[in-house]
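Morning, everyone. I have one structure to go through, and I will start with how far to trust it and then move to the packing. Here it is.

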Amino acid sequence: MENEGKLINKGEEEEMEIYGYNLCRWKLALVAAGVLCSGGFLLLLLYWMPEWCVKAMCRRAPLRGCQVVLLRTTDEFHSWFCAKVRVVLSLGSSPLQTPAFMAEAMTNGISDRLHAEATEEKDRHRFSQGHLQEIRHFTHHSVKYFWNEGVQNFSSIKGLDESVSCSSIHREHSAGLAKGIRDYRRLFYGVNEIAVKVPSVFKLLIKEVLNPFYIFQLFSVILWSTDEYYYYALAIVIMSLVSVASSLYTIRKQYMMLHDMVVAHSVVRVSVSTADQGIEEILSTDLVPGDVIVIPLNGMIMPCDAVLVSGTCIVNESMLTGESVPVTKTNLPNPSEDPKALEAEAYSPEGHRRHTLFCGTTVIQTRFYTAELVKAVVVRTGFSTSKGQLVRSILYPKPTDFKLYRDAYMFLLFLVGVAGVGFLYTVVNSILHKVPAGIIIIESLDIITITVPPALPAAMTAGIVYAQRRLKKVGIFCISPQRINICGQLNLVCFDKTGTLTEDGLDLWGIQRVENARFLLPEENAFSKLLVKSPFVACMAACHSLTKIEGVISGDPLDLKMFEATGWILEEATEEETALHNRIMPTVVRPPKQLLPEPQPAANKDLELFELPATYEIGIVRQFPFSSALQRMCVVARALGQKKMDAYVKGAPEVVAGLCKPETVPVDFERVLEEYTKQGLRVIAVAHRRLESRLTWHRVQNVGREAIEANMDFLGLIIMQNKLKQETPVVLEDLHKANIRTVMVTGDNLLTAISVARDCGMIQPPDKVIVAEALVPKDGQPARIIWHYADMLSKGTDPSPAIHPEEIPIKLAPENLEDLLPVTKYHFAMSGKSFAVIQEHFQDLLPKLVLHGTVFARMAPDQKTQLVEALQNVDYYVGMCGDGANDCGALKRAHGGISLSELEASVASPFTSRTPSISCVPNLIREGRAALITSFCVFKFMALYSIIQYVSVTLLYSMLSNLGDLQFLFIDLAIILVVVFTMSLNPAWKELVAQRPPAGLISGPLLCSVLTQILICLGFQALGFLWVRQQPWYEPWTPHSDACRLPGAPEANASTHGNGTLHDEHNIRNYENTTLFFISSFQYLTVAVAFSKGKPFRQPCHKNYLFVLSVMVLYAFMLFIMLHPVRAIDWALELVCVPFPWRVAMLIIVLLNGAVSVLVENALLDMLLWKVLFRQDKQGDSHPPSSHPPQEALDRWQRCRLPALLGFRKAPPKAKYAHLAQELRVDPDWPPKPSTTTEAKAPPLRNGSCRIVTVT
């Protein structure tokens, strides 16, 4: 069917269903009428619900000719969006294919005149005769989708980053574009800029004010104004204005920060090499894929993604990697010139990172030879670039689902239902008593504003605002206050490694040289006269990728530390020298003069004049850069005066040892290496080889590295120390004690990450680490995962390693669900490449791996985000702590992201810490838990406030009475607002505890608490209402009633003064009103005290001095006016005089009410429900939680004895990770055994089924 929905971005993260619609006139007319009849409410409803809006005004149509598209995401949120389809005229339908007319013009040699005025007139005439065609497209989240006739669907257009071979980039795209072609492509790709428009204050105001809560507040204010209830209406207006202003300031500030982050490279002038006019300058906004830009000598900030086709660049990629380490970029190998380059190899920015300049990165300097320009072909522009995708992830994050807010809306719907009952009761009761229609409307609508309090948003925000202020005091700044509550639920935190868990740099711990295949004793440094000419020190000084930038040596911190340890000097050819020579002008390293031996006098005095000074220099002839796949780097160097060249290799010890002659590797190599790695030290091996004399300078430039890196002599080990930050182990231990899992996600090496994880306590000493090495399908073989045990990797050279049964992780099968917290003894570790393969081919294994995955290394920025999503998919509440721009996506996606940097990461992160250490994480979780419990307390209190007032009003409506305006005002302003804003002031508890607060309002303890308090308040109000009518002095009150003039009663109060002149139109003054006013006023205070919980998440209530003072003053005032009436106050509050014995009776009711409420809340519910709720947490305190997912509070409550006593069956845990943990504990094939392989079934099924094959 043409009208059926289709998928766009199929199989990608942003996969969406798409439906076509056309505007329908009769539906538009009906909607317009509905908007008028509803006073604009229908328009608001359609604004809130885009799918209703499209369906209400349009009819379904085929996608091919539709005017509007309706989009729905295929994730768990099913978010709806709509977009208008636009039409443009173009010469062709594909941006990368030259239109036939333009190709003809270029063939005839007039391409250089396509932009001339005369030719334009002629061209327009020719276009009008059928050259132009309609191109239909729409824009969603800053990405353009064009209609594709081939697939009969909309699709986003790609640049040169997909389905383009490396050879075609050199052959077809390296010459540049003519102006006409550039203009044609710009029609599709648009302007090359990452436009972050800062919305105007007015636009933001309208968007914020149209929030459903504010609309309800506006309705309430209008209603109260018609009922002359001005004071409280004014208070609500003031609170709303403050809330809106605060929200506008925060949102606008965030937009401005993001705008400032991307504006640096949005519009600059660049030089481009064109096909028709040579080198010309254009604005960077005019660039399109296929343009060839010339990189200037002094560098630039890249305005697009481009691939180098000539020359070399030194680039700072801190925006992408988080490491301020200059990276050398070389030109893309040309298959026609380089025999090692594959002709049909497809170019991809990620696969060819060494040759790709990414948008937003800084080219520090360029190197060119023999006047050759440094050129790069533009492959992606605008929001398609790496920087653009990062900004899109910030601008359009996935919604974060939090149970508290879902439950809050459910509870509000319940209150709306209660209000509906009250509304109908009021209408029917008023009609039966023949009340005027105007009063019926006002009173029946008023019952809705009583039941659903308009002050609820402000009250709920109070605790968050106070928590935000406390966080600011400890150096944590928040740009998304609503996330504070979510942080109270975090049960897993992901940490970046470098700069987060560890210090930024590495320190040299020592070296251990090898001579005659034996290890010498470790030495502290290599700065020694004895070692100055040794191959070991020569390797340390020459085998690196360091360069000089403005006279300062820069490069990888590891290389820098090693080079500094030698004390040598690095010298590079100047720009003038480079331009005059060919590309093999070497970088030279030499030792300082004080390390060189003094020149010896010549034995023959006649030759003394010819004695040369003692010099020792090494020229780096060729460099094979470090490859993460090969885990090594290599250089070819030549010492001054030597005829033969030397090859030096450094890298992973196991890899380097495999390249060496076996007789040069010490027999105890594995044992020594294991000793160092177990100490958490990073070990690098070095090797050397003297090359044959036939390998000249020119031949070395064309030889493959595999020919150089063979038959090496093993030189020894360099031991580096990546120091942990002082507070890291302490913080991680606190998190483990609090049953919060910790995960490391880093761009660093896998083995280093595992070592640091053990060192900081993330992985306990007895635990096993299983490395999942996933391989892509190749040569007809399916994708597979090879399982290694990290503790046995150092034994890998043994052809048949012995694996003892006790080395396989222990898994204890629980006898029942209550014993679900035994220690699991294993952790998974994997690299980013393996993670990508598992995501694509082993979808069913991914939840099992993230359940116990602790180390994720070599992770790209988007993979960090995908990992966070994978953890969230199994119901973890995920925190993320990082310090680089490469963490931005993950920081934004996590439930609670905290940045340790004030640069790019702080724009994306909800939280930013001024203190660059992870000590901020426990502080944030503590404050989040306190804010969450405060939100529960406030919500419960506001719910009870609504119900208490609802009961009072409903009882009074039964006798056509009501509370007076000043009574409402006293309750709402003097009691409710004061209590709400002071009960939220409780600070967080001083330490993290093992239990977590419930995630939602609809949980056993909270519902029991609210329902019991409702019943208690209802019972005591009904008691007072009925009991007062049974008093001997009771009669329906009139202005002439005189109940106070009884024996022993005090003098008549104001309510009896001048009774004959009183006129009570609304029947406010009566005995029932006075009784209910006093009882309900004390009930508000009682439930506030009962709900103000302290330990274990907040400081005790008595330490909240403002709250205690407020409650005491209000109690004292209420007791005073109840037991000792004051005429002026009674007159203002429209209270009537009642006999003193009844005042004492009311006091007894109030005291009984308070005692029952506090006893039920703090004794019964706390001791019975909450103690059972957290019983298993206390049992599991001794177990390291890092290896076991903590159970949800709600699940524990459902498993506790109370439901069993009530006859309910035990429910399985609702959290997916807990349910999965149960299944895995009885799975005999999990965890995978050593030396096994898991293969994907071929062809892969949709569910990613796999089979386990034992490798023999």
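This is a predicted model, and the mean pLDDT of the chain is 76, with 80% of its residues at 70 or more. Which of the elements has the lowest mean pLDDT, and which the highest? The lowest is helix α39, residues 1193–1199, at 39, and the highest is helix α35, residues 1105–1123, at 92.

Two stretches deserve a mention here. Residues 578–584 have pLDDT below 50, and beyond near neighbours in sequence that stretch has 17 contacts in the model. Residues 792–824 also stay under 50. For residues 792–824 the model has 62 contacts beyond four places in sequence.

Next, the sheet. Four strands form an open sheet, in the order β6-β7-β8-β9, and the pairing is antiparallel. Why do β6 and β9 each have one side without a neighbour in the sheet? Because β6, residues 86–90, and β9, residues 153–156, stand at the edges, and each has a single partner strand. From one strand to the next, the twist averages 40°. For β6, the pairing with β7, residues 133–140, is antiparallel and runs over five bridges. To give one position, Arg86 has His137 in β7 as its bridge partner.

Now the helix pairs. Two packed helices are described by the angle between their axes and the distance between the axes. I will give both for each pair.

The first pair on my list is α15, residues 456–473, with α31, residues 920–957. Their axes are 9 Å apart and the packing angle is about 160°. Angles over 145 degrees count as roughly antiparallel, and α15 and α31 are therefore roughly antiparallel to each other. The crossing of α15 past α31 is right-handed. On the α15 side, the contact residues are Leu456, Ala459, Met460, Gly463, Ala467, Arg470 and Leu471. On the α31 side, they include Leu924, Glu927, Ala930, Val938, Phe939 and Met942. By type, the residues of this contact between α15 and α31 divide into 11 nonpolar, four polar and two charged.

Helix α31 also packs against α32, residues 965–983. The axes of α31 and α32 come within 10 Å and cross at roughly 165°, which makes α31 roughly antiparallel to α32. Left-handed or right-handed, how does α31 pass α32? The crossing is right-handed. From α31 the contact takes Cys937, Val938, Phe941, Met942, Tyr945, Gln949 and Val953. From α32 it takes Phe968, Ile971, Asp972, Ile976, Val979, Val980 and Met983. The split for α31 with α32 is 12 nonpolar, one polar and one charged. Val938 and Met942 of α31 appear in the contact with α15 and also in the contact with α32.

The last pair is α17, residues 535–542, with α18, residues 557–566. The axes of α17 and α18 come within 8 Å and cross at roughly 135°. That angle makes α17 oblique to α18. In this pair α17 passes α18 in a left-handed crossing. Val537, Met540 and Ala541 of α17 meet Met562, Phe563, Ala565 and Thr566 of α18. What do these contact residues divide into? Six are nonpolar, one is polar and none is charged.

That is what I have on confidence, the sheet and the helix pairs.

Conventions. Residues are numbered from 1 along each chain as its sequence is written. This is a predicted model: local features need pLDDT of at least 70, side-chain atom pairs count only at pLDDT 80 or more; totals for chains, interfaces and linings use all residues. Side-chain values use heavy atoms; hydrogens and water are left out. Two strands pair if DSSP finds at least two bridges between them. Helices (H or I, at least four residues) and strands (E, at least two) are DSSP runs, numbered from the N terminus. Axes are lines fitted to C-alpha atoms, for helices over the stretch in contact, and angles run from 0 to 180 degrees between N-to-C directions. Angles under 35 degrees count as roughly parallel, over 145 as roughly antiparallel, 65 to 115 as roughly perpendicular and the rest as oblique. A crossing is left-handed if the near helix is turned anticlockwise from the far one by less than a right angle, and right-handed if clockwise. Contact means heavy atoms within 4.5 Å. Ala, Val, Leu, Ile, Met, Phe, Trp, Tyr, Cys and Pro count as nonpolar, Asp, Glu, Lys and Arg as charged, and the others, Gly among them, as polar. pLDDT is the predictor's confidence in each residue, from 0 to 100.
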